[in-house]
Every structure is written in structure tokens, then in C-alpha cells.
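Work through the exercises below with the structure open beside you. Try each task before reading its solution.

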2 protein chains.
Amino acid sequence: MPPADPFFSTFHEWIEIFMHRSMCRFIHHARQSGLSMSMIGTLFHLHHKESMGVTDLGEHLGVTSAAASQMLDRLVQLGLIQRSEDPEDRRVKILVLTEKGFQALEEGMRAQQGWIKELSDTLSAEEKDKITSAMNLMIEKVNQIS
Amino acid sequence: MPPADPFFSTFHEWIEIFMHRSMCRFIHHARQSGLSMSMIGTLFHLHHKESMGVTDLGEHLGVTSAAASQMLDRLVQLGLIQRSEDPEDRRVKILVLTEKGFQALEEGMRAQQGWIKELSDTLSAEEKDKITSAMNLMIEKVNQIS
DNA sequence: CTTTATAATTAAGCGATCTTAATTATTAAA
DNA sequence: TTTAATAATTAAGATCGCTTAATTATAAAG
């Protein structure tokens, strides 16, 4: 059990609400784009990891490197990632998200956000300011921790 | 293009950060639990929809009712949902999340939250209060819109 | 009462996505 | 330089999750 800190319990409650509102639509969108769970995991992973090898990626996804390699074939074919040789160690491949891959991620995240407009409509200008300011604070801090 | 409202742009930026931090771990956890994308979508859907029929669920997931029915077999077998006859119309099945199903969802969401501790450590008590209060405001408002 | 419509399931088949095992290419070690 | 280790890929086969089509059960309409 985590501590009964009001920060954590509120955060947890908010995440629950956020996920419940967002995930259905996100999954729906992913399926329609023809992206599997592994592919989505890969796009997210490459986005905040800059670059990584095939085996490492597979481990993170919980599949074999063979499976990762095959899935990467499809992502390359879709133009969502770029796979190139690592000049430091030519056995290794460097994987990076392409602009198109980045946009595919963005689109998926935008797909879930209809309900935020609804939320916004119930808020006064001061309330929006308060929330915006709190989020900016979190954004600033979270950028420092990695 | 959505309006260049600072509320929306900040919210969007925050979602991006949140998703990138959370989704990899969430997907990893889902795979290890043996849950498919449809299963996860179903658990989320049933959690905030109370109850719904098989065909409706399939439509929401973007699959046929046959596929939904087969997937529900597995979820029932895993004890994550309960499937029972609707007394009002005995052709229809009522689907509800079991306690175990609810806990599986909770677990998945908890799996992603390690980084929140890190974020918390960078915040002063007043900063936490500010964020907690803004989130409570959103929670209160969002509960009114559905 | 008979016919039609609807909800869910079952069955058969197909393609996607895994797995293991073998292969190729490169690097590190003996 | 030969041998061993590592990274990625390829190939073959198994399994999963989907589709369509047929089936069963119930409800609504004629």
C-alpha cells in the first residue's frame, strides 16, 4: 500500500478518471490504424528513449528479439520508424521514430481528447488558470527528472 | 487545429508527457497478464459503463459481435467479468466487471506510476497542495459531465 | 399463430504475431 | 589467427484473434 498522502491519492484518482476516459478511444484508434499492441509500445518507447537496439526493445515489450525484428519490419514498411546500422558496433541497429511515426502517436493521443472540451466548458476562467498553472508546474518539474 | 487556448495547449502537453511515461509500462504489464488490446478495452469500458451488451461492446471496440463473444469467454474464464442474462430481454447478456476484474485494472494503472514518486520528490509542500487542489477541481467537474 | 427481426453463440478458416532454432555478420577474447 | 560471444535476421511452425456464415433462442410484428 502506498502512503495515504493526499497528493498521491488525488493523483491516483485523477489517473483513473483520465485512463477510463481516454483508453477506449485510444485503443479504438490504434486498431483502426492497424497498429498492434507491440507496435504502439514501440512508438511510445522510441519517442522518449531517443534510440535503442532491437534486443533491448524486445525485452521492454516482453517478446523475443526475433519477434521484435519482425514487427520492426512492418513499422519500417509503414514509414513510422527508421532502422540503421550503429557505426560504433555494426552488429547493432539504431531505431528512431520518423516524423510520420511521431505524428501517428500525436494523432492517437488527440483521438482521446474530446471529453476535455466538455470539461473545459464547465470551468470558469479562473479555474482554468489554476489548472493550467498547476500543469505547467508539473511539466517543468517532470522535465527535470530524466 | 484546436484553438490556441493556453488551457488546451498545456493540457495537451501534459497528456503527451503522461502517456509517454505511462504507456510503455502499461503495455508491458498487460502483455504479461495475458490480456489483449480488446480485453483491456473491455475492462476499461465496463468500468465506466456499468453494464452493456455484447454487440454494443463489439462496436465500441471495432470488432464483430462474434469476436466480442469469443473474447468475453476468455474474460469470464479468467474471472474478470460476469456475463448474465438480462431479465428484461433474455436475448441480451449483461456484462459487469467482477471485483477481480476491477483489481486487474487497478494493478495495470499502478504499474505505471513509479515516476510519480520521482515527480513528487521534486515538489515542495505548497506545490503539492496547489496540484492536488487543481486535480480535485477537475475530478469534481468531470464527474458532473456524464 | 406464424413470420420476421434481433442478440448471442458456434464453427471453420485466415492472417497476424508469437516462439524456437538455425543463420549471418560483427566484435571480443584466447 | 582462431575461437567464442553477441546482435540481428530468417525460416518453420504454433497459437491467437479476427472474419464470415450458420445456428439457437427470444422478442416483436403481421
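**Exercise 1. Relating the two chains**

Task: Find which rotation and shift superpose chain B on chain A, and name the kind of axis.

Solution. The model is a predicted one. Step one: chain B is brought onto chain A by a rotation of 179° with a shift of 0.1 Å along the axis, and the RMSD is 0.2 Å. Step two: this is therefore the relation of a two-fold axis. Step three: look at the contact residues of chain B, 100% of which recur in chain A, so that the same surface serves both copies.

**Exercise 2. The contact between the chains**

Task: State how many residues each chain gives to the contact, and describe the side that belongs to chain B.

Solution. Step one: 50 residues of chain A and 49 residues of chain B take part. Step two: on the side of chain B that touches chain A, the elements giving two or more residues are α1 (6–32), α2 (37–49), α3 (54–61), α6 (114–121) and α7 (125–142) of chain B. Step three: the most comes from α1(B), with 17 residues. Step four: sorted by class, this side of chain B holds 26 nonpolar, 15 polar and eight charged residues.

**Exercise 3. The surfaces near the DNA strands**

Task: For DNA strand D, find which residues come nearest and which elements give two or more residues to the surface. Then do the corresponding work for DNA strand C.

Solution. Step one: DNA strand D has 23 residues around it, and Gly53(A), Thr55(A), Ala66(A), Ala66(B) and Ala67(B) come nearest. Step two: the elements giving two or more residues to this surface are α3 (54–61) and α4 (65–77) of chain A, together with α4 (65–77) of chain B. Step three: α4(A) has the largest share of the surface near DNA strand D, with five residues. Step four: the classes in the surface near DNA strand D are eight nonpolar, nine polar and six charged residues.

Step five: turn to DNA strand C, which is surrounded by 24 residues, the closest being Ala66(A), Gly53(B), Thr55(B), Ala66(B) and Ser69(B). Step six: at least two residues each are supplied to the surface near DNA strand C by α4 of chain A and by α3 and α4 of chain B. Step seven: the surface near DNA strand C has eight nonpolar, nine polar and seven charged residues.

**Exercise 4. Two helix pairs**

Task: Describe how α2(A) packs with α3(A) and how α2(B) packs with α5(B).

Solution. Step one: two packed helices are described by the angle between their axes and the distance between the axes. Step two: α2(A), residues 37–49, and α3(A) pack at about 115°, with axes 10 Å apart. The crossing of α2(A) with α3(A) is right-handed. Step three: Ser38(A), Gly41(A), Thr42(A) and His45(A) of α2(A) meet Leu57(A), His60(A) and Leu61(A) of α3(A). This contact has two nonpolar, five polar and no charged residues.

Step four: α2(B) and α5(B), residues 99–111, pack at about 115° with their axes 10 Å apart. Therefore α2(B) and α5(B) are roughly perpendicular to each other. The crossing of α2(B) and α5(B) is left-handed. Step five: Leu43(B), Phe44(B) and His47(B) of α2(B) meet Gly101(B), Phe102(B), Ala104(B) and Leu105(B) of α5(B). The contact of α2(B) with α5(B) has five nonpolar, two polar and no charged residues.

Notes: Residues are numbered from 1 along each chain as its sequence is written. Chains are lettered from A and ligands numbered from 1 in the order in which they are written. This is a predicted model: local features need pLDDT of at least 70, side-chain atom pairs count only at pLDDT 80 or more; totals for chains, interfaces and linings use all residues. Two residues are in contact if their C-beta atoms, placed from the backbone, lie within 7 Å. Helices (H or I, at least four residues) and strands (E, at least two) are DSSP runs, numbered from the N terminus. Ala, Val, Leu, Ile, Met, Phe, Trp, Tyr, Cys and Pro count as nonpolar, Asp, Glu, Lys and Arg as charged, and the others, Gly among them, as polar. A residue is near a molecule or strand if its C-beta atom, placed from the backbone, lies within 6 Å of it. Copies are superposed by least squares on the C-alpha atoms of residues with pLDDT of at least 70 in both. Axes are lines fitted to C-alpha atoms, for helices over the stretch in contact, and angles run from 0 to 180 degrees between N-to-C directions. A crossing is left-handed if the near helix is turned anticlockwise from the far one by less than a right angle, and right-handed if clockwise. Angles under 35 degrees count as roughly parallel, over 145 as roughly antiparallel, 65 to 115 as roughly perpendicular and the rest as oblique.
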